[in-house]
Amino acid sequence: MSSPNGADHIVLEVDRLSLRFGSTQIFKDLSFRLSRGASLAVVGPNGAGKTLLFRALIGAIAVEGTFHWAPGVRIGYVPQKLDIARDVPITGADFLRANVKAGGITDSAVADALNAVGLSMQAASQPIGSLSGGQFQRLLVAFALSGAPNVLLLDEPTAGVDEPGQEQLNELVHRLQEDRGLTLLLISHDLSVVYRYATSVLCLSRHMTCVGAPKTVLTPDRLNEIYGAPVAFHVHDH
Amino acid sequence: MTIEALLLSAVMAMAAGLIGCFAVMRRMALAADALSHVALPGIGVALALHVHPVFGAAAMLFFGGLLVWAIEDRSHLATETIIGVIFSAALAIGSMITSGDDLLEALFGGTTGAPSPTEIVFGLLAAAAVTLFVLRRKHALVVTLVSPDIARTIGIDVRRLDLLYLEMFALTVALGLRYLGVLLMGSLIIIPAATAKRLSRNLNQMLWTAATIAMAVTLLGSTLAMWLHQPTGPIIVTIAAVGFFLSFLRAEQYSV
């Protein structure tokens with residue numbers, strides 16, 4: 001995954017990262033480099049530590065080993081489906097404005113972010129608990145975008161979203177990445193999406209890790225090894 | 001009741017309403033209530049040492065805030081249980097070292113007399129600190145409420161914010177002990193905010209509704225208590241609770 005153009009283009013460098021909870025080793029000696037504009041998909045079975053890897057990379061949990069983000073990196077993070085209390089009187093706009101104040105971002109950046117994710121101001125002025133799964137995920141993406149990020153970490157952004165909504169969100173992320181030259185780290189269980197959009201794939205499971213191009217990692221044998229069971233997925237050739 | 005006492009109770013109530021909004025949204029109503037109990041042994045020790053009780057209470061509450069913060073960080077422990085046990089024990093020990101009328105007043109509040117200059121200065125400073133904290137940090141508190149991980153990515157020090165919040169909460173309890181006592185002060189923080197949560201559609205509405213309700217019930221309760229020659233705390237909390245139940249007459253505002 002290292003850039004052919006040299007170290008200047010490396011956005012993230014991970015060296016021998018290990019995580020253990022008590023006697024359980026979640027992942028061990030994970031090393032990879034990510035170049036600017038790349039799109040890395042993280043795949044693997046439940047419990048392999050994909051979300052924990054993301055949480056380690058944003059500094060939320062302590063890990064062994066080292067990782068370095070390049071100077072000037074601004075991370076936009078969309079966490080896995082959040083369990084929000086449905087009755088809090090916090091609107092989408094309250095939430096977006098909170099980024100404006102906390103991170104020093106302008107109101108127009110918020111409007112742009114809402115526009116980019118196709119969420120109306122009317123939907124954003126409703127309490128977040130009353131938004132649909134798809135609207136809430138869009139709001140989270142809008143929040144991440146309002147900070148003008150150059151790296152996006154998306155943890156199953158389409159979980160809980162209906163099928164047309166999933167398609168729209170995937171297209172949106174892909175379009176944003178192309179338009180803005182973002183570097184993308186994406187956790188996804190949808191291997192056809194990974195195959196279509198990712199420039200490289202990181203596979204995580206309790207007993208192995210591997211990194212490579214989708215065509216070399218997403219083979220039936222390798223997937224069988226990662227998931228411990230045969231995995232079928234449909235490749236969209238377009 | 002003097003003008004100073006009325007003014008002090010009003011600013012105390014405003015701080016309680018504001019800080020309570022986030023306690024209710026963070027679902028820490030029970031922990032918050034238990035935290036206020038820790039003030040009792042502080043009052044007992046202060047009285048024994050002939051120090052103003054508010055300082056003994058504030059010192060113990062500061063320690064209590066630190067304790068809740070340290071326990072919350074170890075999420076594998078049953079936080080609510082430990083908080084319940086520790087703070088009930090504090091209440092028990094406090095009851096043993098405080099006695100007679102002092103104990104009754106410490107538990108339920110009741111002073112309607114003129115506050116001392118020390119109390120006025122402490123009260124105004126503490127209320128200003130809590131109000132400013134909520135208004136200045138409400139955005140960071142909202143993001144942390146939705147997702148502490150997102151908060152970290154935009155540069156919020158979540159651990160520090162949590163500690164600050166708990167200490168501001170503890171300060172609010174110390175501020176209101178004079179009127180409501182250690183058993184009831186938690187209720188003035190929680191009930192107006194819970195009522196405001198039912199009546200509001202957005203954050204600012206909730207903050208100002210909670211502050212207004214808290215001030216209204218405190219002023220009404222204090223006046224009634226003076227008129228009936230009763231301790232202030234029980235009357236204020238009863239009025240607040242009636243307001244909460246009345247709010248059920250109106251459909252919740254978040255449902256669309």
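Two strands pair if DSSP finds at least two bridges between them. Helices (H or I, at least four residues) and strands (E, at least two) are DSSP runs, numbered from the N terminus. The views below show a predicted model, in which local features need pLDDT of at least 70 and side-chain atom pairs count only at pLDDT 80 or more, while totals for chains, interfaces and linings use all residues. Residues are numbered from 1 along each chain as its sequence is written, and chains are lettered from A and ligands numbered from 1 in the order in which they are written.

**View 1. Three strands of chain A form an open sheet.**
Read across this antiparallel sheet and you meet the order β2-β1-β4. β2 (24-35) and β4 (64-69) of chain A each have a single partner strand, so one side of each is left without a neighbour in the sheet. Neighbouring strands are turned by 15 degrees against each other on average, direction ignored; for such angles, axes are lines fitted to C-alpha atoms, for helices over the stretch in contact, and angles run from 0 to 180 degrees between N-to-C directions. Look for β1 (residues 10-21) of chain A, which is joined to β2(A) in the antiparallel sense by 8 bridges. One pair to find is L19(A) and its bridge partner in β2(A), F27(A).

**View 2. An open sheet of 6 strands in chain A has mixed pairing.**
Here the strand order is β5-β6-β7-β3-β8-β9. At the edges stand β5 (75-78) and β9 (208-212) of chain A, each pairing on one side only. The average turn between neighbouring strands is 10 degrees, direction ignored. Inside the sheet, β3 (residues 39-43) and β8 (residues 200-205) of chain A pair in the parallel sense over 4 bridges. Zoom in on V43(A), and you will find C203(A) as its bridge partner in β8(A).

**View 3. Helix α1 (residues 50-57) of chain A lies across strands of the 6-stranded sheet.**
The strands it crosses are β3, β6 (151-155), β7 (183-187) and β8 of chain A, and the helix runs at about 150 degrees to β6(A).

**View 4. Chain A is assigned two domains.**
The bounds, which come from an automatic or database domain assignment, give domain 1 (1-73 + 150-238) and domain 2 (86-148). Their C-alpha centres lie 25 Å apart. Where they meet, 10 residues of domain 1 are in contact with 7 residues of domain 2; contact here means that the C-beta atoms of two residues, placed from the backbone, lie within 7 Å. Helix α6 (residues 163-180) of chain A supplies 4 residues, the largest share of the domain 1 side.

**View 5. I19(B) is among the residues touching the most other members of the largest nonpolar core.**
A nonpolar core is a set of buried Ala, Val, Leu, Ile, Met, Phe, Trp, Tyr and Cys residues joined through C-beta atoms within 7 Å. A residue is buried if 20 or more other C-beta atoms lie within 10 Å of its own, again placed from the backbone. This core has 157 residues, and A39(B), A174(B) and L188(B) share the top rank with I19(B). Helix α9 (residues 158-199) of chain B gives the most to the core, with 22 residues. Leaving out residues up to four places away in sequence, I19(B) touches V130(B), V134(B), M168(B), F169(B), T172(B) and I189(B).

**View 6. Chain B has 11 helices and 0 strands.**
Of its 256 residues, 53% count as buried. The C-alpha trace spans about 50 × 40 × 30 Å along its principal axes.

Key: Buried ≥ 20, exposed ≤ 12 C-beta atoms within 10 Å, placed from the backbone.
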